[in-house]
Amino acid sequence: MKIRNGLLTCVLVGALSLGPVVAQEADPHMLDGTELEYTYTDGGSVILTFYDGLLKFRWTAGPNEGASGEGFEYNARMIGDDRYVVVWRMIEDRNYLTMVIDLGQSSLFTSALLGYGTEQEGVLFDEATIHRVGRLKPQP
């Protein structure tokens, strides 16, 4: 699947226009200690955990059930009250993901370039409902 020029630009511009923009906090890892459980429109459910400037995920249901990954560096920016834009790369798989998380509305939007520059190149553009937001206990 070929990616059209400007698609990612449109996604990012749209994400930033979701509400009033607030000054970015100094910590790009502000979501450390947060765990989200959410379900996409196709029934795929994920547990996403932010820790030590990294993230990990585990698919618990749906087409990707059982798939997981960890140790991916992420950056986050607060874009409104309880709203964040998060980006990370899965370098080996050539995946680049952008997520808009709206904790106040219990919603999440993902845009991803998958397998970028390969024969399996594709785009993910989906939304999910957040079912659980947890705060992990600080590590000693």
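# Rings and strands in a barrel

Y38, Y40 and W59 form one aromatic cluster. The model is predicted, and for that reason local features are given only at pLDDT of at least 70 and side-chain atom pairs only at pLDDT 80 or more, whereas totals for chains, interfaces and linings use all residues. Residues are numbered from 1 along each chain as its sequence is written, and side-chain values use heavy atoms, with hydrogens and water left out.

Q: In what pattern do the helix and the strands follow each other along the sequence?
A: Helices (H or I, at least four residues) and strands (E, at least two) are DSSP runs, numbered from the N terminus. By this count the chain has one helix and eight strands. Read along the sequence, their pattern is α-β-β-β-β-β-β-β-β.

Q: By what angle are neighbouring strands of the sheet turned against each other on average?
A: Two strands are taken to pair if DSSP finds at least two bridges between them. The eight strands make a closed barrel in the order 1-2-3-4-5-6-7-8, with antiparallel pairing. Between neighbouring strands of this sheet, direction ignored, the average turn is 30°. Axes are lines fitted to C-alpha atoms, for helices over the stretch in contact, with angles between N-to-C directions running from 0 to 180 degrees, and the average for this sheet is 30°.

Q: Which residue of strand 8 stands opposite Y38?
A: Strand 1, residues 34-40, pairs with strand 8, residues 122-135, in the antiparallel sense over seven bridges. Across from Y38, the residue in strand 8 is I130.

Q: Which residue in strand 8 is the bridge partner of L108?
A: L108 lies in strand 7, and strand 7, residues 107-114, is joined to strand 8 by eight bridges in the antiparallel sense. The partner of L108 in strand 8 is A128.

Q: Is L108 buried or exposed?
A: Buried means under 20% relative accessible area, exposed over 50%, and partly exposed in between, with a 1.4 Å probe and protein chains only. Contact means heavy atoms within 4.5 Å, and, not counting residues up to four places away in sequence, L108 touches ten residues named here in full: L36, Y38, Y40, M99, V100, I101, D126, E127, A128 and I130. Because its relative accessibility is 0%, L108 counts as buried.

Q: What is the distance in space between L108 and T39, C-alpha to C-alpha?
A: Along the sequence, L108 and T39 are 69 residues apart. Taken from C-alpha to C-alpha, their distance in space is 9.1 Å.

Q: What is the angle between the planes of Y40 and W59?
A: The structure holds four aromatic pairs. Y40 and W59 form one that is stacked, 5.9 Å centre to centre, with an angle between the planes of 25°. This pair links distant parts of the chain, since Y40 is in strand 1 and W59 in strand 3, residues 54-61, 19 residues apart. Rings of Phe, Tyr and Trp (its six-membered ring) pair if their centres lie within 6.5 Å, and planes count as stacked under 30 degrees, edge-to-face over 60 and tilted for the rest, so that Y40 and W59 are stacked at 25°.

Q: What is the relative accessibility of W59?
A: Its partner Y40 is buried, with a relative accessible area of 7%. W59 also counts as buried, because its relative accessibility is 18%.

Q: How many residues apart are F50 and Y74?
A: F50 and Y74 form an edge-to-face aromatic pair, with 4.8 Å from centre to centre and 65° between the planes. F50 belongs to strand 2, residues 45-51, and Y74 to strand 4, so this pair links distant parts of the chain. Both F50 and Y74 are buried, and their separation in residues is 24.

Q: Over the ring of which residue does the charged end of K56 sit?
A: A charge sits over a ring if NZ of Lys or CZ of Arg is within 6 Å of the ring centre and within 35 degrees of the ring normal. The charged end of K56 is 5.7 Å from the centre of the ring of Y51.

Q: What is the phi of D82 near?
A: Most residues other than glycine have a negative phi, and most peptide bonds are trans. D82 is placed in the loop between strand 4 and strand 5, and its relative accessible area of 41% makes it partly exposed. Its phi is positive, near 55°.
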